[in-house]
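Hello,

Here is the structure I said I would pass on. My notes on a few helix contacts and two single residues follow it.

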Amino acid sequence: MTTVTEQDIRLLRDALGPLRDREQVAERLLESSAKHSFDPDKELDWDAPAEDGKWFWPPELLSLYDTPLWHTMSEKQRFDLARHESAALASLGIWFEIILMQLLVRHIYDKPVTSNHVRYALTEIADECRHSMMFARMIQKGGTPAYPPPRLYHNLGRVLKTISTTPGSFAATLLGEEILDWMQRLTFPDERVQTLVRGVTRIHVVEEARHVRYAREELRRQMVTAPRWEQELTRLSCGEAARVFSICFVNPQVYTNIGLDRREAVAQVHASGHRREVMQSGAKRLTDFLDDIGVLRGPGRRLWKRSGLLA
C-alpha cells in the first residue's frame, strides 16, 4: 500500500478546497485553547439556588413541545419536563464524551508524541474531562437522576469505541457534538433559562467550537486518504450512529418520572412535526458538511433519513 505523506496531503483537495496542514490547524487550536478555556468549578456559582420561574432548558427544544400532550400538561409538569430532559441530555453528553475520549486516545496512539496534532488531542481530552464533570454536577444540582442510555446502545458504544476506524470515529464525533452544540447556542443567551444552565452551555459552546474544527479537518483528511473500503464503512457506520443517536436523544424514563404515560408520550414525540424540525435544524450544518465531503451516500444516506435527522 502506498503511504500518503504530509507533503502529498498538502497537494490534495476535496469539494471544500485544499486540505489544511495538520500541524498548523493544531497550532491555531492550541492558541485558542490557551486564551479561551474555563474551569467550571471556579467560573460557575454552584452554590446559588435554583431560580423560581426559570426553565432548565428552552421550552421550544423540549421533546413534547407543541404536542397534544403538551397542551394538557400543567405548568409544573412542563417545568419538570425541562429539568429532567436537561439532565437526560447532560447524561447523553457524558456518555458520548467518554466514548470520544477513548476514540481520541486511539487516534493518537501511533502518532508523534511531540506534534501539535497530538498535543491538541490531549488538550481536547482534558476539555472533555472537565465537561463530563460539569454536566454531572449540573444533573446533581437539578435534583434529578442521571439518565444513562439503554443497555443495548451502551454496549453498541462499547463496540464503537473499540473497533471504529479513524474516519468513522471523527464522523461519530461530529454527530454527537454538533446537534447538542446547536441546542446550546440557543440556550446560553436565553434569559428564560436558569443562570447555571446558561453558564454550563456557554462554556461548552466556546470550547466545543475547537473540537468541531479539529474533527472536521481530520475527517476531511481521512475521507480523502482512506482506502475505498474504509470510506464505504464510514458511510454505513455514520448512518447507523445517526439512527442510534436520534433514538437516544429521547429518554422515555423522563416521562415516567414526571407522571406522564410513557407510551403515549413517546408516540407523540415520534409524530411531532415540531420535534422533527428541531432535530433536522440541529443537524443541518453537519449534514450539509457530510454531504459536501461525500459521507452521505448510498445505504448510509438512507440510514440518515431513517434517523429523522436528514430531510
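Helices α8 and α10 are roughly parallel to each other, because their axes cross at roughly 30 degrees and an angle under 35 degrees counts as roughly parallel. Please keep in mind that this is a predicted model. Helix α8 covers residues 166-187 and helix α10 covers residues 228-248, and their axes come within 8 Å. The crossing of α8 past α10 is right-handed. On the α8 side, the contact is formed by T166, P167, G168, A171, L175, G176 and I179. The α10 side supplies E230, T234, S237, C238, A241, A242 and F245. Sorted by class, the residues of this contact are 8 nonpolar, 5 polar and 1 charged.

Helix α8 also packs against α13, with the axes 9 Å apart and an angle of about 125 degrees. That angle makes α8 oblique to α13. This crossing, too, is right-handed. From α8, the residues involved are L174, L175, E178, I179, W182 and M183. They meet R275, V278, M279, S281, G282, A283, R285, L286 and F289 of α13. Here the classes come to 10 nonpolar, 2 polar and 3 charged residues. L175 and I179 appear in the contact with α10 and again in the contact with α13.

Next, the loop that leads into α13. S272 sits between α12 (262-271) and α13 (273-292). Is S272 buried or exposed? Its relative accessible area is 7%, so S272 is buried, the cut-off for buried being under 20%. The side chain of S272 reaches the backbone nitrogen of H274 at 3.4 Å. Leaving aside residues up to four places away in sequence, S272 touches Y65 and T67.

The other single residue is L303, which belongs to helix α14 (residues 298-307). L303 has a relative accessibility of 15% and therefore counts as buried. Which residues does L303 touch, not counting those up to four places away in sequence? They are L236, G239 and E240. L236, G239 and E240 fall within the 228-248 range of α10. As for α13, its residue V278 is 25 residues from L303 in sequence, and the two C-alpha atoms are 19 Å apart in space. V278 is one of the α13 residues that meet α8.

Regards

Note on methods. Residues numbered from 1 in each chain as written. Predicted model: local features only at pLDDT ≥ 70, side-chain atom pairs only at ≥ 80, totals over all residues. Heavy atoms only, no water. Axes fitted to C-alpha atoms, helices over the stretch in contact; angles between N-to-C directions. Helix = DSSP H or I, 4+ residues; strand = E, 2+ residues; numbered from the N terminus. Parallel < 35°, antiparallel > 145°, perpendicular 65-115°, else oblique. Left-handed = near helix turned anticlockwise from the far one by under 90°. Contact = heavy atoms within 4.5 Å. Nonpolar A, V, L, I, M, F, W, Y, C, P; charged D, E, K, R; others polar. Buried < 20%, exposed > 50% of the residue type's maximum accessible area, 1.4 Å probe, protein only. Polar contact = N/O pair within 3.5 Å; in protein donor to acceptor, adjacent residues only side chain to side chain.
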